[in-house]
Amino acid sequence: MPPISLHPLATFTPDLYTRAWQSTPHPYLPLLATTHDKTVTVFSLVDFSKHSSLTGGHSRSIRSCAWQPSPSSSSSQSNQSKLRLVTGSFDSTAGIWTYNPSAALEKPITTTNKDDDGGGEDEEEWEFTLVLEGHENELKSLSFSPSGQYLATCSRDKSIWIWEHLTGSEDDEEEEEEDWETVAVLNEHDGDVKTVAFAPQFPTEKKHNGRRYGSDVLASGSYDDTVRMWREDQDGEWTCVGVLGGHEGTRKRRRMGGMKRGRGERGIGGIGGRWGGIPNTMRRSLREEWECKGELPKVHTREIYSVAWSGRTGLVATGGGDGMVVVYEEDGETGRWEVKARVEMAHGPYEINHVVWCRRFDKGVMEGREEEMLVTTGDDGVVRAWEVRMGE
Amino acid sequence: MSAILSADDLNDFISPGVACIKPIETLPSAPPPPSSSEPLEFEVILDGQQPSSSTSQSAGPAQISLTDCLACSGCVTTAEAVLVSLQSHNEVVSLLDSAPSLVLQPDNSTLTNLDNPSSKLFVCSISPQVLASLAAAIGNNTTQSQVMNMITHLLSNPDLGLPSGGKYPGNGFTYIVSTNRARGACLVLGSDEVLSTSSDIKKPVLTSSCPGWVCYAEKTHPYVLPYLSKVKSPQALTGTLLKTTLSKTLGISPDRIWHLSIMPCFDKKLEASREELTDSVWNNSTTKPTKGVRDVDCVITSKEILMLAESRNINFFSLPKTPLPPSQQPPPFPNKAIGDFLFPPAATSSSKRNEQQTPSAGTSGGNLHFILHTLLSQHPGSHLQTTRGRNADVVEYSILSPATGETIFKAARYYGFRNIQNLVRKLKPAKPSRMPGGKPFGSARRPGKTAGTGNALDFSYVEVMACPGGCTNGGGQIKVDDPIALERMGFGGTETKPGPQEQKAWLEVVDEAYFSADEAQQNGSDTDAGSGLIAGISPSYIRDTLKVWSDMTEVPLDKLVYTTYREVVSDVGKTQTDTERVVQLAGKIGGGW
């Protein structure tokens with residue numbers, strides 16, 4: 001297997017000056033949303049500069065955010081439905097923000113507007129349209145289902161809420177009713193739920209003992225050292241269909257990387273572990289059994305804060321409190337995972353809070369090619385892009 | 001582990017957590033020490049001690065009683081079990097063992113042991129969901145009335161039940177009543193309330209008999225309180241009925257009556273501790289400013305009945321299913337009209353029994369069902385349209401006029417926490433945006449539109465219950481993972497924890513026991529405009545009985561049947577008020593000077 005190396009590609013500007021928590025790329029548009037303090041800054045992936053920002057909606061720090069995938073899920077359909085970002089905050093609410101459709105998506109670089117400068121221009125771009133309340137305390141993470149229909153939020157109150165976005169007719173240009181309903185409140189975790197992630201699109205529903213289960217699968221990771229899988233059954237009830245216990249070297253914190261589908265398997269990244277899924281049909285209720293298929297070699301010297309698994313290349317990246325970024329690859333023949341690249345002090349002495357694989361839209365990419373880069377987000381308030389080079 | 005909770009906090013003693021929701025109360029200052037001793041000019045104080053003449057009071061140990069507790073999870077969660085255990089089968093046994101009980105003589109007016117101030121008259125009320133849960137656990141097509149008899153034996157039989165043992169053999173329960181009786185009154189009062197044309201009633205009216213829902217609303221969504229129905233729950237009404245009637249007719253104060261209620265959920269224990277449900281509301285003969293004697297003294301759940309029997313080494317399942325023999329039956333109830341209402345004689349027509357309900361009423365008392373049937377009988381020829389909502393616990397009902405097809409009345413049922421979320425969100429008033437520029441937005445509306453109204457919520461009545469599936473699925477019921485249920489359903493063996501499918505199957509068995517009727521009760525659910533029956537209840541009989549009750553106790557009816565709600569305001573995270581600062585300063589040595 002060819003060696004891999006990571007090279008600094010660019011730094012997103014401007015610096016954010018406060019700890020940045022998470023950067024989320026849009027499913028297909030050249031945008032990246034980074035949360036920091038009580039704000040979200042949206043960067044352009046074309047030139048790594050600031051595009052817009054979302055301010056004023058939350059009273060405590062925003063830890064996570066997610067772009068809503070549009071139902072038509074095609075990159076050219078961006079005119080039809082609105083651009084929506086959902087923010088999850090420590091003030092126990094989730095905020096739904098809509099981008100003003102009359103503003104162009106590709107903005108020229110403007111002189112930097114500080115947020116407290118009346119904020120007039122920023123306000124017009126992002127509208128804080130709705131607050132989802134209900135959690136008792138800090139919201140830790142959120143995730144959209146592949147179709148954008150369901151949003152899952154999780155919190156320190158040990159519960160996961162699933163919300164459904166109800167839309168009126170999408171063709172109605174006038175007023176799209178911003179209506180969200182609570183679909184489920186899942187209380188089965190015994191501890192703080194740190195993260196939720198929906199699996200990328202699977203085409204199949206499941207049938208088990210005459211009951212049908214939807215194709216959306218939600219995974220949740222919690223301080224109770226378990227990861228749970230959830231599916232919706234035919235009565236609209238979300239039920240837990242699998243529980244993954246701890247494994248050797250389990251730390252209290254579990255951060256899950258994205259769910260990835262490849263070679264007919266599903267997997268989740270966890271700290272120090274990766275799990276493959278094999279459903280077990282012998283039980284009365286649907287109970288999936290997940291088997292640990294491999295473990296990532298121990299490289300990090302401190303806690304791993306983030307795991308990212310690329311759906312395109314199959315590479316896994318981790319980042320953590322030791323300031324290191326590590327990339328792993330699975331050997332096709334032996335099934336073992338190996339460290340392929342590592343960068344120490346990727347953000348200087350600062351901790352790395354988040355890593356994510358992201359499609360490249362910058363000019364360095366050759367025409368017609370799709371390439372991926374790694375984006376790391378650090379305590380230094382800086383978001384960095386890294387190029388992945390195969391071969392020497 | 002969350003930041004607030006640490007391993008040190010996990011013990012069985014209540015320590016008010018950092019996030020305790022009970023506001024700090026300021027106690028009146030202690031009276032100054034008697035001036036008989038000459039005030040000393042100088043006093044030597046050791047480091048850390050309070051001066052003896054200081055008017056400061058070291059704060060007493062923080063006390064949280066069940067009245068304050070709303071199970072808000074602000075306190076350490078392991079200690080919640082302690083709070084709830086204050087009302088338990090152990091308390092029943094210790095009460096029975098504390099003093100000889102008051103015994104009502106066959107002339108049903110004289111009481112023995114009246115001179116012993118600790119002696120009490122024991123009465124009990126039971127909800128039908130409890131009977132259904134136990135009937136399902138017993139199996140063999142046991143009916144509710146058979147279970148009722150078994151519980152009566154447990155509580156009153158001097159040879160087989162609790163009175164057979166303990167410190168004072170013979171101590172048992174005198175009257176055991178089903179809450180179905182008071183439920184009939186609640187249904188009539190509820191429908192009168194929602195159909196009233198008074199402008200005081202805010203629509204939609206929301207059912208308030210579920211304490212889980214009420215406590216949640218008071219704590220988290222106080223803007224919903226004006227919509228709650230003011231009618232008491234069947235448990236509360238039974239309590240008021242028993243205590244007022246017995247204290248008046250027997251000439252004893254209500255604290256001499258001890259009322260136990262057996263309910264399908266734990267939240268009913270919280271309801272029993274409400275200050276609004278004590279004799280301070282209706283007792284005009286008490287002069288001392290007490291905290292009020294509760295209408296319901298203790299609540300235990302279906303599971304705890306079995307534990308109660310076990311604690312006296314009685315096998316509940318072997319108790320007779322037949323009624324008590326005549327020699328052991330209590331004297332007739334001291335007031336005939338109320339007695340007939342509470343204990344309808346066997347020959348009573350079904351209109352006065354109203355025991356059984358049909359499945360369309362649901363398992364939580366059938367408030368909505370009764371209102372719909374009242375309207376159907378008021379509008380002959382109209383029909384009812386039922387539409388299921390997004391899940392099994394949301395159902396919408398419309399009554400359509402025969403001629404025009406126009407909607408006369410819209411109502412809905414919302415069971416379960418997640419559905420309640422959607423309901424309260426629609427009732428939320430608009431609040432100004434937090435953004436500079438102040439664009440207002442409601443929680444479910446775009447800026448500019450009026451919030452809180454609109455076609456999303458035009459119901460006149462919503463039956464709200466916290467437990468999905470209704471009260472037969474309450475928190476205190478025997479659940480599918482209980483060994484008794486596993487055995488009954490044949491789920492034991494190699495299977496690990498029963499899943500949601502098994503829970504549904506078990507609930508169906510319990511529901512079947514809940515809705516099944518004996519021959520005597522077959523016709524109990526008819527709506528018949530001719531005979532004045534609505535869903536098996538005769539509103540005129542109810543209203544007559546209520547009037548008799550109010551006259552007899554000399555208390556206005558609205559004090560007896562209605563209650564109020566209050567918003568719970570938390571002090572958590574708020575900056576100190578002046579009062580708190582004073583209290584804190586006063587606690588310092590030298591009073592802060």
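**Stop 1: strand β4 of chain B**

Start by selecting residues 175-178 of chain B, which make up strand β4. This is a predicted model, so keep that in mind as you click around. Show the side chains: B:Tyr175 and B:Val177 point one way, while B:Ile176 and B:Ser178 point the other way. That fits a general pattern: in a regular strand, side chains alternate between the two faces of the sheet. Are these four residues buried or exposed? All of them are buried.

Now add residues 121-126 of chain B, strand β3. β3(B) and β4(B) pair in the parallel sense, over four bridges. To find your way along the pairing, pick B:Val123 and look across to its bridge partner in β4(B), B:Tyr175. Then pick B:Ser125, whose bridge partner in β4(B) is B:Val177.

**Stop 2: the whole sheet around it**

Which strands belong to the open sheet here, and in what order? The order is β4-β3-β6-β7 in chain B, four strands with parallel pairing. Select residues 298-301 of chain B to see β7, which stands at one edge, with β4(B) at the other. Each of these two has a single partner strand, so one side of each is left without a neighbour in the sheet. Look along the sheet and you can follow its turn: neighbouring strands are rotated by 20° against each other on average, ignoring direction.

Next, bring up the helix that packs on this sheet, α4(B). It touches β3, β4 and β6 (257-263) of chain B, and its direction makes about 155° with that of β4(B). You'll find α4(B) at residues 144-156.

**Stop 3: helix α15 of chain B**

Jump to residues 500-515 of chain B. This is helix α15, with 16 residues, and from its first C-alpha to its last it reaches 22 Å, close to the 22 Å expected at 1.5 Å a residue. Colour its buried residues; among them are B:Trp506, B:Leu507, B:Val510, B:Tyr514 and B:Phe515. Some of that spacing echoes a general rule: an α-helix has 3.6 residues a turn, so residues three or four places apart point the same way.

What do the buried residues of α15(B) pack against? Select α3 (128-138), α4 (144-156), α5 (180-195) and α14 (483-489), again in chain B. So α4(B) turns up here as well as on the sheet.

**Stop 4: over to chain A**

Switch to chain A and find another open sheet of four strands, this time with antiparallel pairing, in the order β10-β11-β12-β13. The edge strands are β10 (139-144) and β13 (179-186), each pairing on one side only. Neighbouring strands in this sheet are turned by 25° against each other on average, direction ignored.

Zoom in on β12, residues 160-166 of chain A: seven bridges join it to β13(A). A good landmark is A:Leu166, whose bridge partner in β13(A) is A:Asp179.

**Stop 5: where chain B lies across chain A**

Keep β12 and β13 of chain A on screen and add residues 417-427 of chain B. That is helix α13, which lies across both strands and runs at about 155° to β13(A). Ten of its eleven residues are buried, so α13(B) is largely enclosed by the rest of the structure. The buried ones include B:Ile420, B:Leu423, B:Val424 and B:Leu427.

**Stop 6: rings and a charge**

Turn on aromatic side chains: there are 20 aromatic pairs over all chains. One of them is A:Trp161 with A:Trp163, a stacked pair 5.5 Å centre to centre with 25° between the planes. Both of these tryptophans are buried. Ring pairs also link them with B:Tyr216 and B:Phe417 into a cluster.

For a tilted pair, select B:Phe333 and B:Phe343, with ring centres 6.1 Å apart and planes at 50°. B:Phe333 lies in the loop between α9 (302-311) and α10 (336-342), and B:Phe343 in the loop between α10 and α11 (350-353), so the pair ties together parts of chain B that are ten residues apart in sequence. B:Phe333 is buried at 8% relative accessibility, while B:Phe343 is partly exposed at 30%.

Finish at A:Arg63, back in chain A. Its charged end sits over the ring of A:Trp21, 3.5 Å from the ring's centre. A:Arg63 also lies over the face of A:Phe90, at 4.3 Å from the ring centre.

Conventions. Residues numbered from 1 in each chain as written. Chains lettered and ligands numbered in written order. Predicted model: local features only at pLDDT ≥ 70, side-chain atom pairs only at ≥ 80, totals over all residues. Heavy atoms only, no water. Expected span 1.5 Å × (residues − 1). Buried < 20%, exposed > 50% of the residue type's maximum accessible area, 1.4 Å probe, protein only. Contact = heavy atoms within 4.5 Å. Pairing = 2+ DSSP bridges. Axes fitted to C-alpha atoms, helices over the stretch in contact; angles between N-to-C directions. Phe/Tyr/Trp six-rings, centres within 6.5 Å; stacked < 30°, edge-to-face > 60°. Lys NZ or Arg CZ within 6 Å of the ring centre and 35° of its normal.
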